[in-house]
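User: I would like a close look at one part of this model, with the cut-offs stated as you go. Please keep it to what can be computed.
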Amino acid sequence: MRKRIIDVCCGSKMFWFDKDNADVEFCDNRVVPLTEYYPKRFIEVSPDTVCDFTDLPFDDNSFYLAVFDPPHLQWAGDTSIMALKYGKLKGDWRAMLTAGFNECMRVLRPNGVLIFKWSEIQFPLSEILTLFSQKPLFGNRMIKRGNKTHWLAFMKAEVGEG
Ligand SMILES: C[S@@+](CC[C@H](N)C(=O)[O-])C[C@H]1O[C@@H](n2cnc3c(N)ncnc32)[C@H](O)[C@@H]1O
């Protein structure tokens with residue numbers, strides 16, 4: 001079956017209801033064997049494809065839906081549980097996020113949808129959105145009572161559309 005959905009940095013697939021969904025190409029740049037990081041708390045990162053979201057090994061116009069939930073923490077201990085679960089922002093990470101967004105748009109079909117997730121724990125969404133070539137269509141702009149996570153939707157333009 002040709003997969004219709006790509007998650008370009010799936011981590012341990014925490015937000016997926018079906019972690020074995022055969023319609024999803026699960027990608028990440030790391031593999032973490034099943035690890036008990038806290039008594040009875042486990043993590044495993046086991047992508048279908050190990051790759052870098054700045055250089056995805058897929059053809060242009062391949063997927064209907066892309067999911068982009070990159071690391072959002074620059075300051076976290078290298079061996080911390082946060083880094084284990086979410087990865088870390090390293091080096092020129094702003095350029096990395098721009099390249100990741102552009103790759104998501106490249107592998108999406110025209111009119112395909114990108115869902116972007118960002119947690120404003122260390123960097124505000126307003127700063128991150130300046131890194132992308134498009135504005136989101138909609139998303140949860142209001143953040144209430146400690147929930148710092150945004151979910152935003154973008155759509156790839158039709159060919160020839162500005
Ligand atoms: C916030 S976590 C994703 C969490 C995931 N959505 C979940 O539900 O569990 C970010 C993931 O991005 C991965 N990552 C970081 N840089 C990457 C890159 N350049 N290419 C691919 N994956 C990357 C990390 O390994 C980490 O698993």
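Which residues surround the ligand, and which of them are the closest?

Analyst: The model is predicted, so local features need pLDDT of at least 70 and side-chain atom pairs count only at pLDDT 80 or more, while totals for chains, interfaces and linings use all residues. Residues are numbered from 1 along each chain as its sequence is written.

The ligand is surrounded by 20 residues (C-beta, placed from the backbone, within 6 Å of it). C9, G11, M14, N29 and G87 are the closest. The shell divides into ten nonpolar, five polar and five charged residues (nonpolar: Ala, Val, Leu, Ile, Met, Phe, Trp, Tyr, Cys, Pro; charged: Asp, Glu, Lys, Arg; polar: the others, Gly among them).

As for the fold, seven strands (DSSP E runs of at least two residues, numbered from the N terminus) form an open, mixed sheet in the order 5-2-1-6-7-9-8; pairing requires at least two DSSP bridges. Strand 5 (49-50) and strand 8 (138-139) each have a single partner strand, so one side of each lacks a neighbour in the sheet. Strand 1 (residues 5-7) runs parallel to strand 6 (residues 63-68), with three bridges between them, and D7 stands opposite V67. Helix 2 (residues 93-107; helices are H or I runs of at least four) packs on the sheet, touching strand 1, strand 6 and strand 7 (108-119). Contact means C-beta atoms, placed from the backbone, within 7 Å. By that criterion, and not counting residues up to four places away in sequence, C104 touches V8, A66, F68 and L114.

Notes: Contact = placed C-beta atoms within 7 Å. Axes fitted to C-alpha atoms, helices over the stretch in contact; angles between N-to-C directions.
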